[in-house]
Amino acid sequence: LQQGRQLCGAEIETVTRAAEQDGDLIVACTRMAPVFDAAFAELGIAVSPAYANIRETAGWSVQGKAATPKMAALLALAGEPAADVPLITLKSEGVAIVYGGDETAFEVAGKLADTLDITVLLTKPAATLPPRAADYPLYRGTIRQATGHLGAFRLAVDDFAAVAPSSRGALRFLAPRNGAKSECDLILDVSGGTPLFPAADLRPGYLRADPRDRAGLERLIAEARDLIGEFDKPRYVDVDPGLCAHSRSRITGCTRCLDVCPTGAISPAGDAVAIDPAICAGCGGCGALCPTGAASYALPAPDRLMQTLRTLLATYHGAGGTNPVLLIHDGGHGEDMIHALSHHG
């Protein structure tokens, strides 16, 4: 047993020596994780430490002096092997459509033209002044249907027309046509109209902002710049077609998952249903309502969740704890609330 008071500062060599001697390392601090990671990288130490927060989540509570069993449980959980997360890869080359109704679309396109392959599509433009200079193609059209996800959007556009070569007053366009098709990696929607997708905030690659919201537009621009390359997305749900009761002999039976899915990721596929993992946002409604167990959660897998609870509770009791209370929270809002509460005891 070796004690220290500044293991993330003046005594950090104590931690790096331990990492060199044993590749399995648990650091009971999440706030200074970047400091430790940088120190390991600088010394060329091949280690992937597990980080656990026992300060805000235990030691700083009003029950902190009696929190040893809780700390032991949290450290044991951090030491568990990482879950095998099933992933899919979404690829984006930065081909983007800026969809708007006025000069806001030109502003967004102008700020992104040096990063993305931009096309501007104006829906029902009124007295819109032509841009002074444009490094992108400009068309008129209204998106009738949009499907797909980041890297693979498909659009059906009505009233589609190319811009006239010269427009002295408001923009003029050539003869329109309906049913035009287009594909892109990103859709940047600043039209201010109805979202193109259900649960639009959960659709990868579809970014939307009100044209009157200046802060929202800047967030959209900043986020769009980063959406080039390959992105891993968890596969949240598995489907066993053999158990699915959606249809038999062309007679529709169960539609529970189709009715509950907020993102439209589920579609009929013969006698069963298919779940598009690129669209699925992982709400778990399909698995909760499926009467046969055909749709089951893959992340986290049920056995993994049970192992997590077993590790927590067994360690807690083994360290002398009694009457445990389990708090279940999300990873964003919940952690922020715990952090705030801990700083006030």
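Reader: Which residue forms a salt bridge with Arg144?

Author: In this predicted model, the closest N and O atoms of the pair are 3.0 Å apart. Arg144 lies in strand E6 (residues 138-147) and its partner in strand E7 (residues 153-162), so the bridge ties together parts 14 residues apart in sequence. Arg144 counts as partly exposed because its relative accessibility is 49%. The partner is Asp158.

Reader: Which residues join Glu107 and Arg214 in one network of salt bridges?

Author: Glu107 and Arg214 meet in a salt bridge of 2.3 Å, N to O. The pair links distant parts of the chain, with Glu107 in helix H5 (residues 103-112) and Arg214 in helix H6 (residues 214-225), 107 residues apart. Salt bridges that share partners bring in two further names: Lys111 and Glu218.

Reader: Is Glu56 buried or exposed?

Author: The side chain of Glu56 meets that of Arg55 in a salt bridge (3.5 Å, N to O). Arg55 has 28% relative accessibility and is therefore partly exposed. Glu56 has a relative accessible area of 9%, and the cut-off for buried is under 20%. Glu56 is buried.

Reader: How are H1 and H2 oriented to each other?

Author: The axes of H1 (residues 12-21) and H2 (residues 33-42) come within 10 Å and cross at roughly 60°. The crossing is right-handed. That angle fits neither the parallel range, under 35 degrees, nor the perpendicular range, 65 to 115. H1 and H2 are therefore oblique.

Reader: Which H2 residues meet Ile12, Val15, Thr16 and Ala19 of H1?

Author: The residues of this contact divide into 7 nonpolar, 1 polar and no charged. On the H2 side they are Val35, Phe36, Ala39 and Phe40.

How values were computed: Residues are numbered from 1 along each chain as its sequence is written. This is a predicted model: local features need pLDDT of at least 70, side-chain atom pairs count only at pLDDT 80 or more; totals for chains, interfaces and linings use all residues. Side-chain values use heavy atoms; hydrogens and water are left out. Axes are lines fitted to C-alpha atoms, for helices over the stretch in contact, and angles run from 0 to 180 degrees between N-to-C directions. Helices (H or I, at least four residues) and strands (E, at least two) are DSSP runs, numbered from the N terminus. Angles under 35 degrees count as roughly parallel, over 145 as roughly antiparallel, 65 to 115 as roughly perpendicular and the rest as oblique. A crossing is left-handed if the near helix is turned anticlockwise from the far one by less than a right angle, and right-handed if clockwise. Contact means heavy atoms within 4.5 Å. Ala, Val, Leu, Ile, Met, Phe, Trp, Tyr, Cys and Pro count as nonpolar, Asp, Glu, Lys and Arg as charged, and the others, Gly among them, as polar. A salt bridge is a side-chain nitrogen of Lys or Arg within 4 Å of a carboxyl oxygen of Asp or Glu. Buried means under 20% relative accessible area, exposed over 50%, partly exposed in between (1.4 Å probe, protein chains only).
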